[in-house]
Amino acid sequence: MSEYNFREIEKKWQDYWEREKTFQTKEDFSKPKFYALDMFPYPSGAGLHVGHPLGYIASDIVSRYKRLKGYNVLHPMGFDSFGLPAEQYAVQTGQHPAITTEENIKRYKEQLRKIGFSFDWSREIWTSKPEYYKWTQWIFIQLFHSWYNCETDRAEPIDTLIKKFEFSGNTLVKAACDEDTPTFTKDEWKNFSGQQKQKILLKYRLTYLADTMVNWCPALGTVLANEEVINGLSERGGYPVERKKMSQWMMRITAYAERLLKGLDTIDWPEAMKEMQRNWIGKSYGAELNFKVVDKNITLTVFTTRIDTTFGVTYIAIAPEHELIPELTTDEYKTAVSQYVEQAKNRSERDRMSDVKTVSGQFTGSYCINPFNGEKIPIWIADYVLAGYGTGVVMAVPSSDTRDYKFATHYNLPIIPVQEGPHTDISKDDFDPKAGTMINSGFLNGLTVNEAISKAIEYAEKKGIGKARIQYKMRDAIFARQRYWGEPIPIYYKDGLPYTIDENDLPLILPQIDEYKPTETGEPPLGRAKDWKYSPSDNTQNTAVYYPLELNTMPGWAGSSWYFLRYMDPHNHQRFVGKEAEQYWGQVDLYIGGSEHATGHLLYSRFWNKFLYDLGYVTHDEPFRKLVNQGMIQGRSNLAYRVIGENKYVSEELKNDFPTTPIHVDIALVKDDYLDVEKFKKSRPDAANAEFVLYNGKFKCGWEIEKMSKSKFNVVNPDDICEQYGADTLRMYEMFLGPLQDFKPWNTHGIEGVHKFLRKLWRLFYDEDKGKFLVTDKQPTLEELKILHKTIKKIEEDIERLSFNTSVSSFMICVNELSSLKCNSRHILEPLLIILSPYAPHIAEELWSALGHKESICNASFPTWDEKYLAESNYEYPISVNGKVRTKINFALDMPAADIEKQVLANEAVQKWLEGKQPKKVIVVQGKIVNVVV
C-alpha cells in the first residue's frame, strides 16, 4: 500500500489487535508492573464528544510507552453503569434501565475502538452486572460487621467489640460511634435483650441507620449528596431540592478523617486536589463550651476554634434543623420561627456555606448565659449555621468573625471588641482575626490570641463548662438512594432492626417491577417488587420465615469506590480480588480523571480502600499513587444574532446596529464562522420564515468558548474526526492542543496541520506518485543520527513528565528535518516509528509491517538515545557590531578564538558594518557570541 489510506489502515490494525488479543494482560512476575487507569465513564445516551477521550489518549500513550519499556501494563476499561439518567428514561418510557444502559455501552465501545485504545477488554466490568455488584454488597456487609477502634486506629470485626462489652462494658472503649451512645457495664450488657444489643451495636457499626437531614428531590424521588445539589436545585435536571429528616443508611467515613488527611502527604496528587480534600475534611482545633438556657433545663454546647473571644459573644446562633428549636421558641415567635425554618431548610448546606452575601435569621425569644461573664444573650436561628458541623450551635462574636459581624449589623445586635492593635478593626479591609492582644476579656486581657486560647481552655476545663476538642467539618456519608437502578442493599429487617443477608446468598439481584417510580404510598420503587423478602438460613423455625428486604438502593458512588481492585482479578468467583493478583498490581500507578470528583469518588475510594486494608484484604493503604487531572476541551460555539422582538437575524458585523440577542447555532451548519442560512432555516421551524440580513453577501456568526454540550450545539463527535482525518490525527491533535492539565478550546482549524504531518511521515517511506517503497539499509549520516537521538531523548522525557503537547511539536520538527535530508534509512526510520507508536499507533503499525516485521510494534523495545550524538560540534555565533547583532556565522566549537576573529573580520556582512574602519577590538566569548567594537 503506497497511499496513506488511513481509514483502511486504522480498521485493519484495530481488527488485528482484537483478533490477536494484543493488549490482554496476565500477571508476569518476571516483569515490573505498571497500572494505568482512567476514571471509567457513565455511559450516557449522548455518547462521546471530542473532550471525553483527552485523558484516555494520555493514559494510552503512557501505557503503550511503558510496554515498549518492558513493563507488564494493566490498562483496563469498564463502565460505571448505575445512574439516574437511565432510571429517569425508564420512568418516562417504561424501558428497563438495563436495556438503555446496554445500548449506550455498545455505542461507547464502538467509539472507543475507533480511536485505537490499548484497553484490555477481557477485564471489562459494569457496575450494574450482578457478578460485579455481588462484591459491592459483600463489602457493605463487611462494613456493617466492623467498628473503628480508636486505640489501634483501624477497623476491626464487630466481634472484638462485643468481647470488650462482655469483659468490661463500654466505659473504657475508645471507638468512633454515635454521640448519643449510652454507657453501660458488662453486667448491664449481659442483661440487655437481643434487640437492645443490636441497637447499641448499630451506634458503632461502620455502616448504620440514622435519622438525618438530607437533600430530598421530589421530582427525582431520591436523596442527593451535597455535591449533587447546586443553588438549591439538583445537578441533574435542575429540579428543586428540599432539606428533610429521613432514616438513612450512613457510612462512618468520619472515623477515617485523620487518616484521610495524613494519607494526602504520601501520594503524588495535584496540590489543588489535596487542598480540596483537606478543606472538605476540615480539621479544626478548638473547644466545646456550654451555654445554659435561661428558665429552661437546656444546655447548648458550641464548638469553637476561638474560645478566647467568649467575652465578645453577643448572641447564640443555631441551625434551622436543630432539634431543640420547638423548645427554645417562645409563643410570641412561633409563627415567625416556623416560616423561617421552612424557608431555610430548602437551601442545601453547600449553598448556605458558599453564600456569604445573604443575611437571614430569626430570634427564638429565648436567652442563654455566657459562661465566662454571666451576661444574658439572645438565641437566634441563622442559616449560616450547619447542623452537621460541630454541634449545630455557634457562639457569635461580631467583632472577630465576618459572618457574625454582618449578621449583628443587619439585626442591630451589640458588637463588643475583644482585640486591640493594628489590623483588629473588623470593618476594615486589612482585618486579621488573630491580630493584636485581648481587651474587654477579664482574665484574658493583655494576652495574645494563642496565649488566650490556651488559658481559656484551661479555665473552661477547670470550671467544668467546656473542654478541648478536635473537630472535623466532614460528615458521615449518606449511603442510600430512593430509586430502582442501583445496587440492592443486602439488608433485611426483623422486629424493625437491620440484619445482613448471608454471604452465600449474594448477589441480591434487583427484582423486576412494573414501574420505576415510587409507590403510591411514597415508598421507593423496590416497594413495587413482589415477594421482596428474605428467609435467613439460620432460621430455627420448622417452616421458612420471610422478612422484608431493604427498599433503598446504594448511591452512585458505591460501585466506583472499589472498581480499580476488581480490574486486577475480574473473573475471580471466590474473592473480590485474589491475594496474588492484588499483591502484584498493588496501587494504581497513574490515575487520570476530572477534578470534579475530589470530594466524591476520590474521597470515598480512599475510605473504602483503607477499610479493606485494615481487614487485611489489600496491601496498600492508598489506592492511587499518582493522580493527574486532565483539563477540559471546551467547545467553540457559534452565535447568530436575532433582533429582539422580530423574526430577523443580522450578520455579526451588523449586530451593534440593532437590539439583538445571541442564539446558539449548530456548528455543523457553520464553516469558517459563516452560516449556511438555508440549512439553518430547515433545522429550526422558528427560523423557517425569518429574514436574514447579510453583509457582503454572507452571514457571519459570532463565536464563544464555553463548555461543550448538546444545549450549546457545539458538540464535536470524535467519529466525524476519525472519518475525516483518522484516529491517529485525532489522538495527536488532542495532545497538541496544549498541556494535559489545561483547559483549551477545540478548533478544527489546526487539525489540518497534524494530518499533513502524518502524510509527510508516510512520504519518508513511500513515493505515493510512483507507488515506490523508499526505505533502504543505507547507513545513516551523522546529521540524521543527531536528529533521531535528540528526538528519542525528548519524547522519553516528555512522556515521563506527561508533556505530550511538546512531543507532538518534536515529532513535527524531526520529520521536517529528515524530509529535508531525504532520509530513507531503515536505521533512522525504524526507531522513529517505535517512539511515535504510542501517539499514532495505526500508521506506526502499518509502516512497521512494511519494513518486514511480522509481530506488532507493541512488542518492540523503546530505543535508547546515545549521548555522543547529542553533543554539538558546531555553534552558530551571533556577530555583534557596536552592541547590535548584524549576522550569524557557524564555527566549530573547538576553533581557536584567533581563527574565529580572522573569519569574522573577513565576512562580507561584517565588513559592510565596519564601513572601512579598523575595529578597536574583537571580543570572542567561546560558544556564546562575538562582539566587534569599532
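Biologist: Where is the place of phenylalanine 184, in a helix, a strand or a loop?

Modeller: This is a predicted model, and in it phenylalanine 184 belongs to the loop that lies between α6 (158-168) and α7 (186-191).

Biologist: Is phenylalanine 184 buried or exposed there?

Modeller: A residue is called buried when its relative accessible area is under 20%. Phenylalanine 184 has a value of 2%, and therefore counts as buried. Setting aside the neighbours within four places in sequence, its contacts include Phe165, Trp189, Phe192 and Ile200, and Gly169, Asn170 and Thr171 are also in contact with it.

Biologist: How far apart are phenylalanine 184 and glutamine 88, in sequence and in space?

Modeller: The two residues are separated by 96 residues along the chain, while their C-alpha atoms lie 48 Å apart.

Biologist: Which strands form the sheet that contains β5, and in what order?

Modeller: To read a sheet, one follows the strands from one edge to the other. Here the order is β6-β5-β9-β19, which makes an open sheet of four strands with antiparallel pairing.

Biologist: Why do β6 and β19 stand at the edges?

Modeller: Each of them, β6 (222-224) and β19 (477-478), has a single partner strand, so one side of each is left without a neighbour in the sheet.

Biologist: How many bridges pair β5 with β9, and what lies across these two strands?

Modeller: Strand β5, residues 207-217, is paired with strand β9, residues 242-251, over 10 bridges in the antiparallel sense, and methionine 213 is found opposite lysine 245 of β9. Helix α5, made of residues 130-144, lies across both β5 and β9, and its direction is at about 85° to that of β9.

Biologist: Which strands form the parallel sheet, and in what order?

Modeller: That open sheet also has four strands, which follow one another as β2-β1-β24-β25. Its edge strands are β2 (72-74) and β25 (627-629), each of which pairs on one side only, and neighbouring strands are turned against each other by 20° on average, direction ignored. Between β24, residues 590-593, and β25 there are three bridges, and glycine 593 has asparagine 629 of β25 as its bridge partner.

Biologist: What can be said about the protein chain as a whole?

Modeller: The chain holds 28 helices and 39 strands, and its C-alpha trace spans about 105 × 80 × 70 Å along the principal axes. Of its 934 residues, 53% are buried. Among contacts with a separation of 6 or more, 71% come from residues 24 or more positions apart.

Methods: Residues are numbered from 1 along each chain as its sequence is written. This is a predicted model: local features need pLDDT of at least 70, side-chain atom pairs count only at pLDDT 80 or more; totals for chains, interfaces and linings use all residues. Side-chain values use heavy atoms; hydrogens and water are left out. Two strands pair if DSSP finds at least two bridges between them. Axes are lines fitted to C-alpha atoms, for helices over the stretch in contact, and angles run from 0 to 180 degrees between N-to-C directions. Buried means under 20% relative accessible area, exposed over 50%, partly exposed in between (1.4 Å probe, protein chains only). Contact means heavy atoms within 4.5 Å.
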